[in-house]
Structures are given as C-alpha cells and as structure tokens.
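Grab a pencil and the viewer, and let's work through a few exercises together. Try each task on your own before you read the solution.

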Amino acid sequence: MAEDAPAPRKPLTRDRVLEAALALADAEGLAKLSMRRLADRLGVEAMSLYHHVEGKDGLLSGLTDRVIGEIDWTDDPGDWRASMRARAFAAHRVLMRHGWAPLLIVSGVNTGPNMLRYIDRTLGCLLGAGFDLPTADHAWNTLDAHILGFTLQRLHFPLEPEAYAGAAAEFLPMLPPETHPHMHRLTALVAGGGHDGLQDLGFGLDLLLDGLERLRLRG
C-alpha cells in the first residue's frame with residue numbers, strides 16, 4: 001500500500017510574509033526581526049523572502065502599512081470633531097497593540113496603500129467640514145503628532161499607573177515647598193490620591209480640536 005503523499009507546502013506570498021513578520025515583531029520586538037529568523041519561522045530559505053519584500057527596508061515599510069490598515073473608525077458626517085476623536089482613539093489602540101510601530105511611522109516616508117487611504121480619508125473629513133487644503137494638512141499632521149507622541153510616552157514611561165502614588169510619595173522629599181512650591185503641591189496631591197497623575201489622550205486632543213474649530217469658524 002502506497003504511503004500518503006506529504007501535504008503540499010502552502011505557497012509563500014507577501015501577505016504570509018508580512019503576517020509572520022508582524023507576529024514576530026509583536027512577540028519579540030523589531031530588534032529580533034531579521035530576514036533569517038523570519039524565513040525560519042516560515043520554513044523557507046531566507047533568499048525566497050526577497051521575491052515578496054524588497055529586503056529589510058521593504059519588510060519594515062510593509063509592516064508599517066499593515067499596522068495602519070488596522071486603524072478604522074466610524075465617521076460622523078455631521079460632526080467632524082467626533083470623527084477625528086474616534087480616529088485618534090482608534091489609532092492609539094492599534095499602536096498600543098503594536099508598540100514597535102510608532103517609531104517606524106515617525107521615522108520613515110510611508111506611501112503604502114493603507115497609509116494613503118488613511119490620509120485621504122482624514123483629509124476628506126476635514127475638507128468636508130470646511131477647512132481649506134493647507135489648514136487640513138496642518139490639522140491632520142498636528143493631530144497625528146499628538147497621537148504618536150502620547151502613545152510613545154505611554155509605551156515607554158518608566159512607571160506603571162498603579163505605581164504613581166507610591167513614586168510621588170518617595171519623590172516628595174526632593175521637592176521642598178520653599179524651593180519648588182508648585183511641584184511640591186502637585187506631587188503631594190498625587191501621593192495622597194487626590195490626583196491620579198495620568199496623562200489623558202482626550203485632554204490634549206480636545207484642546208487641538210477646540211483650536212481647529214476656531215480656525216474653521218473664522219473661515
């Protein structure tokens with residue numbers, strides 16, 4: 001009786017390469033992501049990856065675009081601010097899932113199809129609200145700078161939120177009220193539980209949206 005033939009190997013595609021790279025980056029970080037390790041994960045020779053991505057730089061560009069493709073939000077046709085707010089929180093959630101991605105986004109020129117759709121959709125919302133093109137361009141870049149900066153701070157801040165009060169109590173003796181009266185009061189407030197000390201994405205976002213609304217009303 002003939003032995004069963006081995007199952008055919010799943011063909012290598014760009015999507016498979018990027019999916020495996022995404023899983024590897026999420027699990028171990030970009031520092032551990034190499035063409036050789038990715039090939040091992042896929043069970044292929046490293047050189048075969050170059051048929052689907054343009055080397056390590058092409059791989060990173062593809063990963064960035066794949067992450068951007070996960071960002072989705074519900075537009076409110078009658079409320080551009082609500083749309084931009086939903087967009088900001090959606091982007092923050094995605095970037096927190098892929099903590100290696102924000103630095104890639106801010107350090108490269110991203111022209112993938114998902115990035116282009118992301119920008120075009122954002123511009124469409126702002127232009128539909130009555131902003132002119134130059135203001136809409138400034139607006140989406142400023143909003144994204146806030147989202148990315150806030151996310152990077154949240155990802156890399158050296159303390160977990162639950163440790164803030166204890167750290168504030170330890171820090172308080174370094175801030176005598178005679179020399180640092182305002183920081184002393186704030187730190188004491190956090191140490192005593194009167195203020196959580198947490199940064200809030202929505203706080204800065206609403207300040208930006210308020211300012212943009214004033215620009216919009218001025219025409």
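**Exercise 1.** Work out whether Ser83 is buried or exposed, then place Ser83 in the fold and list its contacts.

Solution. Start with the area: Ser83 has a relative accessible area of 0%, so Ser83 is buried (buried means under 20% relative accessible area, exposed over 50%, partly exposed in between, with a 1.4 Å probe and protein chains only). Next, find the element: Ser83 sits in helix α4, residues 80-97 (helices are DSSP runs of H or I with at least four residues, numbered from the N terminus). Last, the neighbours: leaving out residues up to four places away in sequence, Ser83 touches Trp73, Thr74, Asp75, Asp76 and Cys125 (contact means heavy atoms within 4.5 Å).

A quick word on the ground rules: this is a predicted model, where local features need pLDDT of at least 70 and side-chain atom pairs count only at pLDDT 80 or more, while totals for chains, interfaces and linings use all residues. Residues are numbered from 1 along each chain as its sequence is written, and side-chain values use heavy atoms, with hydrogens and water left out.

**Exercise 2.** Find how many salt bridges there are, and say which parts the pair Arg66 and Asp15 ties together.

Solution. First, the rule: a salt bridge is a side-chain nitrogen of Lys or Arg within 4 Å of a carboxyl oxygen of Asp or Glu. By that rule the count is nine. Now the pair: the closest N and O atoms of Arg66 and Asp15 are 3.9 Å apart. Arg66 lies in helix α3 (residues 55-68) and Asp15 in helix α1 (residues 14-28), so the bridge ties together parts that are 51 residues apart in sequence. As for exposure, Arg66 is partly exposed at 25% relative accessibility, whereas Asp15 is exposed at 52%.

**Exercise 3.** Take the salt bridge between Glu70 and Arg97 and work out where each partner sits.

Solution. Check the distance: the two side chains meet at 2.9 Å, N to O. Then locate them: Glu70 is in the loop between α3 and α4 and Arg97 is in helix α4, so this pair links distant parts of the chain, 27 residues apart. Glu70 is partly exposed, with a relative accessible area of 29%. Finally, look for shared partners: salt bridges join Asp72, Asp75 and Arg121 into one network.

**Exercise 4.** Describe the exposure of Met183 and name its helix.

Solution. Met183 has a relative accessible area of 44%, so Met183 is partly exposed. Its helix is α9, residues 181-191.

Terms used
Helix = DSSP H or I, 4+ residues; strand = E, 2+ residues; numbered from the N terminus.
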